[in-house]
Amino acid sequence: MRKTITKCFAMIMLISSLLIHSQTNDNDAIEQLKLAKLQITEGSNEYNPTVGIATFNALANQGNAKAMNALGMIYCEGISVQVNEQVAIQWYEMAAINGYPIAYYNIALLYKNGVGVSKDLTKAVSYFKKAAIDGYSKAYFNWGEMVKNGSGVEKNYELAMTIFKQGEANKDSNCIYAQGYLHYKGFGTPQDYNKAVTLFELAAKKGNAIGMYMLGYCYRNGYGVIIDKRKAVYCFNKAASLGYERAIQELTEPIAENNTPNQSKTVSVSTPKDLENITNVEVPKKIINVKHKIDTNSISGTYIGKLMRYDWSGQNILNTTQIKVIFKQNGNDITGVWVEKEGDSIVFNATKEEKAIVFNDSRLDRINRYTALELTTFKFNKAKLQIIENQGDIFIVGNIQFYNLKQHEKEKPMYLILENEANQNSLIQKKRFQMFLFS
């Protein structure tokens, strides 16, 4: 019995000594890593890159994942060594395999940006996913964004929402904002300002700069909340202090996006069903969906009118552009010119299909609210147009939506109304339409 107790006591002492030794080694490694980091940092009092790199190599050879990741960074940035991204990726891979998921994230950034390696968005998505699943919560947002944008993978808003929810569960505030963004625009989910505001507010409370900015934007325009300029300014200033530069731009913008709201608080509602037959040519205060319908064999001719742009819920007209459109139809092929009174003039090609007029790779460049000094390229998306014949006059009404090539997503809904210049209308009808066009 005594021998058994003695053996057990000896075993306990041995295990304890091993644990203490392991903890001591861990503590030593932590201190060595701290010192080595200072030694490769220019301006540090400890600056000595040769010694620092030697320390990282020694720790990496002992299986230290953080040291492996550090060597990946050293070769990636060329800190006292020649830049070699392939060697960097090898060290990052080893670090990740040894339990350091941030290394997968670092590899993803290299492939996403094409830094030292051929740009490969598919690999970037794969590595962001690995980093997230292995425990680096920040990677969920990057993974979800690439799925949302269709970068390196098929665009899938529903999957992106699922990924963002996983990121939120792992305490990433960017993923909270990102869910709000999908609700705000109605991508992959019904458009809902109320849900968006709730998520923006939650992200803002966690110190998320873009969530704070979007909350301010909603307060300024009355999207899901009652318009409150004071709260909007507070949110923009807070977002700016957190480093979100667009907030500064919004603070200097004299006019809100929704400068003539229909109500102080815009509540998202379902868009009315497609209208088969439009009986007038009045501008709808709220967006309506028009079914594609052409009752004449040809739409050739010159048309003048207006293009109304609505907010994401379709409840407010944000701005109106006067336009002239020339259609030349040959069978199902359409060519033409699109001219805006103050802005762009483009030549376009389109095809008349059974349910839509498709603008074939037609694009226009314009400066939008957020890129004051930079042109943004927009692509025409499918148009649903309907011909109205009213007492011999011909009108074209319908929906058009631009596609933002930079953000890889559709723009706000628009409503088009055009009158054929050849209309032989009554004097009263003509005056009424002209007043509408140029008011």
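Tutor: Let's start with a cut-off: buried means under 20% relative accessible area, exposed means over 50%, and partly exposed is what lies in between. Keep in mind that this is a predicted model.

Student: Okay, why does lysine 379 count as partly exposed?

Tutor: Its relative accessibility is 27%. That value is not under 20% and not over 50%, so lysine 379 lands in between and gets the label partly exposed.

Student: And what makes glutamate 409 and lysine 148 buried?

Tutor: Glutamate 409 has a relative accessible area of 1%, and lysine 148 has 5%. Both values are under 20%, so both residues are called buried.

Student: How do you know that glutamate 409 and lysine 148 meet in a salt bridge?

Tutor: Check the N to O distance, which is 3.8 Å. The cut-off is a Lys or Arg side-chain nitrogen within 4 Å of an Asp or Glu carboxyl oxygen, so this pair passes. As for location, glutamate 409 sits in strand 11 and lysine 148 in helix 7, so the bridge ties together parts that are 261 residues apart in sequence.

Student: What makes glutamate 409 and lysine 185 a salt bridge?

Tutor: The closest N and O atoms are 2.5 Å apart, so the pair is within 4 Å and qualifies. It links distant parts of the chain, with glutamate 409 in strand 11 and lysine 185 in helix 9, 224 residues apart. Lysine 185 is buried, like glutamate 409.

Student: Which residues are linked in a network of salt bridges?

Tutor: Glu145, Lys148, Lys185 and Glu409. You've just met two of the pairs, glutamate 409 with lysine 148 and glutamate 409 with lysine 185.

Student: Back to lysine 379: why is its pairing with aspartate 361 called a salt bridge?

Tutor: Its closest N and O atoms are 4.0 Å apart. Set that against the 4 Å cut-off and the pair counts as a salt bridge. Aspartate 361 is in the loop between strand 5 and strand 6, while lysine 379 is in strand 7, so the parts tied together are 18 residues apart in sequence.

Student: How many salt bridges does a search of the whole structure find?

Tutor: It finds 9.

Student: Now the second largest pocket: what makes 5 residues of its lining charged?

Tutor: Asp, Glu, Lys and Arg count as charged, and the lining has 5 residues of that class, alongside 10 nonpolar and 13 polar ones. The pocket's volume is about 600 Å³. Of its 28 lining residues, those closest to the centre are Thr271, Asn289, Gln401, Lys410 and Pro413. Lys410 is a Lys, so it goes in the charged class.

Definitions and conventions:
Residues are numbered from 1 along each chain as its sequence is written. This is a predicted model: local features need pLDDT of at least 70, side-chain atom pairs count only at pLDDT 80 or more; totals for chains, interfaces and linings use all residues. Side-chain values use heavy atoms; hydrogens and water are left out. On a 1 Å grid over the protein atoms alone, a cavity is a set of points where a 1.4 Å probe fits but cannot get out, and a pocket is an open set with protein on both sides within 12 Å along at least five of seven lines; lining residues have an atom within 4 Å of a point. Grid points are joined across faces, edges and corners, and a volume is the space filled by probe spheres set on the points. Helices (H or I, at least four residues) and strands (E, at least two) are DSSP runs, numbered from the N terminus. Buried means under 20% relative accessible area, exposed over 50%, partly exposed in between (1.4 Å probe, protein chains only).
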